[in-house]
Amino acid sequence: LIWYMVASACLTLAVIYFLVWWSNRTAWANLLFVMAAASTAAFTLCELRQMRVATPGELLSAMRWTHVALLGVLVSTTWFVKFYLGAGRRWLAWTVSGLRVFYLLSALLVWGNINYLEITSLRRVPFLGDSVTVFTGIRNPWMLFGYATMVLILIFVADASVTAWRRGERRKALTIGGSVEFFLLLGTVQAALVHWAQLPIPVLIGPLYVGLVVVMASELSRDVLRASRLVHELQASENGLRESEARMSLAVDAADLGIWIRDLARDQIWASHKWRALFGFAPSEPLGFNAILQRLHPEDREGLRQAHAMAFAGADGGKYKTEYRLILPDGATRWISSQGRVEFNATGQAVLIRGTARDITAPKETEQETQLLRQEIAHAGRVSMMGQLASGLAHEINQPLASILRNAEAAELFLQHPSPDLDEIRAIVSDIRSDDERAGHVIDRMRGLLQRQNLDTGRLDVGTLVRDVAALVRIDAATRQVKLDVDVSANLPRVRGDRVQIQQVLLNLILNGMDALHGTGLEERRLNVSARLNGGQLVEIAVGDAGPGIPADLLARIFDPFFTTKPSGMGMGLAISRTIVETHGGRLWAENQNGGGAAFRFTLPMADTADSV
């Protein structure tokens, strides 16, 4: 009854876990347990057959089938440990499996039996209220090879258990590894006592191995229960996910965002209804990246490609952010702000990109209107400054014009002579050309500053820019008896900017500096304009005066629009100047100097740095 119950329990567990494996055929540990449990049931029945044999032939036949079942138990248990613990040396598992097969086949083909060459006696002895067969015989020395393979199995299990223990899976290592070691070792010792020491007792390995099967089943049951809990948790998570999706959908709708996802491996794009509406695609219209690019303004397509390429390369953690124009099917133009992130696989390859799109047409139109208004105000500021310089500029133009007139009158007198001095006439003509060019330069500088134009950036030589502005204010400075010092460092790199707007900023700061010197002594009327490197990538231009400085309580307000300390000032000059500088990627600030007076400084990025940005 005990042996039948053991076999039945093992078969029952085998059937149960075969169904478990059938539902998930990648769970190899379950299949290997099924094989181990079924082999243990077969082994137990073969043991029962040995205890009831009546002849030596029946005994040897039962022993052969017992070793076939034992092969299944040992090999399946070895690989169960390998897959369940996820540890152990694979080559050793294959070696053990191969040696056990070789051990069985060699013994059966050569001697016909592993344990005995011949059974010499059989007798019945009482055991657990019944009588069983015990025997003696001539031992097969080939059994020693079998014991050696058992030692290898124990070594393999110990190595796998130690690896799992070090990995932190101590309960698994102790339960599975310890149980396998204990029951295999105990069964090997009991078999050695019966077959090698020939003690008059039956083989009792089956009931021992059922303990191993129970331990393995218990561990797998924990996994099944854990999987069941995970299913319940997953269902709860799915409910929470649906709620989160509903909330996210509400948030996306409230933010007026369109969402799109591009699977790079399959080159498939999914987009929300809002995104399709923004881009002018029908709800069921198939999407492709090239089709999306065709909706973009031709000038903006390359910018989007570059933004995605940098994200694919891992720049900024795979994030991108850009703005572009759409040309809708009806010909309308729409501004879109887009941002997103790229996902990478374990090898660092981009596999997915997610992004959002938002309609920013209205803010863009407002920004353009504001920019146009800013340009109008800046132009008005330039006209106002030209008004301040009008008398000085008129004097500067009159000088070359008067010189031209005098030289022309002198040339006319020379030409009335019967033999005019041609060398002298050539010198006069050369002077006339020089004076004409000087007057032309003054007019060009005035016309450049008075022109209303859009931002036209280029590579600017700081020294030339500063000297041109200094030439414009030279007469006004002389009229105010202000000494203007220009100090430009040698070999300054070029900057990137709009010449007229930067000149406007510098001209405004110089005129403000000269205004600050009003009321100071003649010896103190000094204005310094300098240009130098500020760090490795910026050029700093400074205008410093020797006036009374800026009161501390007003220092933070002087750049506010419509704030002025001049009786007739508009309060827009410094505000416009700061906007221009910041548009160029620089910074404008004011400070009081230690030796007295105030200094206004602004920075501009070097041309090479601005180009790379």
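Which residue just after H5 takes a positive phi of about 105°? Gly168 does; here are some notes to help you find your way around.

1. A word on the model first: it is predicted, with local features needing pLDDT of at least 70, side-chain atom pairs counting only at pLDDT 80 or more, and totals for chains, interfaces and linings using all residues. Residues are numbered from 1 along each chain as its sequence is written, and side-chain values use heavy atoms, leaving out hydrogens and water.

2. Now look at helix H5, residues 143–166 (helices are DSSP runs of H or I with at least four residues, strands E runs of at least two, numbered from the N terminus). Its 24 residues reach 35 Å from first C-alpha to last, close to the 34 Å expected at 1.5 Å a residue (1.5 Å times one less than the number of residues).

3. Among the buried residues of H5 are Met143, Ile153 and Phe156 (buried means under 20% relative accessible area, with a 1.4 Å probe and protein chains only). The buried residues of H5 pack against H3, H4, strand S2 and H6 (contact means heavy atoms within 4.5 Å).

4. Next, find the open sheet: five strands in the order S4-S3-S7-S6-S5, with antiparallel pairing (two strands pair if DSSP finds at least two bridges between them). S4 and S5 are the edge strands, each pairing on one side only.

5. Seven bridges join S3 to S7, and Ile261 has Arg354 as its bridge partner in S7. S5 and S6 pair over nine bridges; in their hairpin, with five residues between the strands, Gly331 takes a positive phi near 90°.

How values were computed
Buried < 20%, exposed > 50% of the residue type's maximum accessible area, 1.4 Å probe, protein only.
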